[in-house]
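Grab your viewer and work through these exercises with the model open. Try each task before you read its solution.

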Amino acid sequence: MDYSRLIDAETWAFIRRTAESYPDDAVTLDIAGQRRVYDAMCRAFYRGRPDRIKTEDRDANGVPVRVYWAGHPTRTVVYAHGGGFILGGLDSHDDVCAEICAQTGYRVVAVDYRLCPEYRHPVQFHDCRTAVEWAEAEFRDAIVLAGDSAGGNLMAAVAHAARGRLKCILGQVLVYPVLAASGEAPSYAEHAEAPMLTAGDVEFYQDIRFDGPRPAGDPTWAPLSDRDFEDLPPTVVITADCDPLRDDGRMYCEAITSAGGRAAWINEEGLIHGYLRARGSVTRAQDSFERITVAIEALGQGIWPYD
């Protein structure tokens, strides 16, 4: 793949800056080492919170969460961060959540789910589901699920599990999520050596979720392995074109629409996995982040602007 042609100069500058804190071979470090360099990278890109945003760290029935709000919101976004199921927390995506809050006017609840390998699947799924149920009971507002990468996986899994149980979920917005049980889609081969995330990295992050073999047919860890895609909430999936995970989003949306549901796949040309951190320096990433927040706001209002 000719990434010199596909990726523009601004994005290459972002990739180089990322590598200063989080090198390409970071996946070969031990878990403590990976967390150390990832946290350093997140600090390097941290943009702060908009002035009017208030926050409070809460306990959501045993799951730590951070609540963001401004004014008197009538909708809640429950957000799960990315990080390969082993990295990240309330601070890694603090500015992302604060900006979502500022741009939509909605309350945001960021979930500090427990990480692998100390806690294996399904702990992360259960933590996210608990946080969503807590947010419904605590705020009595309608909810939009959102997350990036590993967090997109977890929120999609919650959406599948919540069917027929939680009536409050208005939609889900998933940003470059991992959704499949195996990397057999074309993008895994086309972008096997993509900048920022390789197909080998994906395999590592998926395998570390389990003590043994990956369970088959279990949508709580691989939503695309579900046999039933009916009655899922309206779904928007935003993917990076130069990312092995790209086709996970495409196939997920196709599965939902084939089952009669509403799903929109937005594929961002020239962008790479992890581009949320580039929204302050890369025009393409800025434009995509606006599409993400517009999608969250629209679903929160029951609007479907994708037909």
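Below are five exercises on the sheet, the helix packing and the backbone, each with a worked solution.

First, some ground rules: this is a predicted model, where local features need pLDDT of at least 70, side-chain atom pairs count only at pLDDT 80 or more, and totals for chains, interfaces and linings use all residues. Residues are numbered from 1 along each chain as its sequence is written, and side-chain values use heavy atoms, with hydrogens and water left out.

**Exercise 1. Work out the strand order of the sheet and find its edge strands.**

Step 1: Get the terms straight. Strands (E, at least two residues) and helices (H or I, at least four) are DSSP runs numbered from the N terminus, and two strands pair if DSSP finds at least two bridges between them.

Step 2: Trace the pairing. You should get an open sheet of 8 strands in the order 1-2-4-3-5-6-7-8, with mixed pairing.

Step 3: Look for strands that pair on one side only; these edges are strand 1 (54-60) and strand 8 (263-272). From one strand to the next, the twist averages 20°.

Step 4: Zoom in on one pair. Strand 5 (residues 142-148) and strand 6 (residues 169-175) run parallel and are joined by 6 bridges. Aspartate 148 sits opposite valine 175 of strand 6.

**Exercise 2. Which strands does helix 10 touch, and how does helix 4 cross helix 10?**

Step 1: Follow helix 10 (residues 283-300) over the sheet, counting heavy atoms within 4.5 Å as contact. Helix 10 touches strand 3 (75-80), strand 5, strand 6, strand 7 (235-242) and strand 8, and its direction makes about 165° with that of strand 6.

Step 2: Fit the axes. They are lines through C-alpha atoms, for helices over the stretch in contact, and angles run from 0 to 180 degrees between N-to-C directions. The axes of helix 4 (residues 94-104) and helix 10 come within 10 Å and cross at roughly 60°.

Step 3: Classify the angle. Under 35 degrees is roughly parallel, over 145 roughly antiparallel, 65 to 115 roughly perpendicular, and the rest oblique. Helix 4 and helix 10 are therefore oblique to each other.

Step 4: Assign the hand. A crossing is left-handed if the near helix is turned anticlockwise from the far one by less than a right angle, and right-handed if clockwise; helix 4 passes helix 10 in a right-handed crossing.

Step 5: List the contact. Helix 4 brings Val96, Glu99, Ile100, Gln103 and Thr104, while helix 10 brings Phe289, Thr293, Ile296 and Glu297. Sort them with Ala, Val, Leu, Ile, Met, Phe, Trp, Tyr, Cys and Pro as nonpolar, Asp, Glu, Lys and Arg as charged, and the others, Gly among them, as polar. You end up with 4 nonpolar, 3 polar and 2 charged residues.

**Exercise 3. Do the same for helix 5 and helix 6.**

Step 1: The axes of helix 5 (residues 123-139) and helix 6 (residues 150-162) come within 9 Å and cross at roughly 65°. These two helices are therefore roughly perpendicular to each other, and their crossing is right-handed.

Step 2: From helix 5, Gln124, Phe125, Cys128, Arg129 and Val132 meet Leu154, Met155, Ala157, Val158 and Ala161 of helix 6. The split is 8 nonpolar, 1 polar and 1 charged.

**Exercise 4. Now try helix 2 and helix 3.**

Step 1: Helix 2 (residues 9-21) and helix 3 (residues 31-45) have axes that come within 8 Å and cross at roughly 135°. That makes helix 2 oblique to helix 3.

Step 2: Helix 2 uses Phe14, Arg17, Thr18 and Ser21 to meet Val37, Ala40, Met41, Ala44 and Phe45 in helix 3. Those residues divide into 6 nonpolar, 2 polar and 1 charged.

**Exercise 5. Where are the backbone oddities around helix 5?**

Step 1: Check omega. The bond from cysteine 116 to proline 117 is cis, with omega near 0°, and another cis bond joins histidine 121 and proline 122, at about 15°. Proline 117 is in the loop between strand 4 (107-111) and helix 5, and proline 122 lies in the loop between strand 4 and helix 5.

Step 2: Check phi. Arginine 140, in the loop between helix 5 and strand 5, has a positive phi of about 55° although it is not a glycine.
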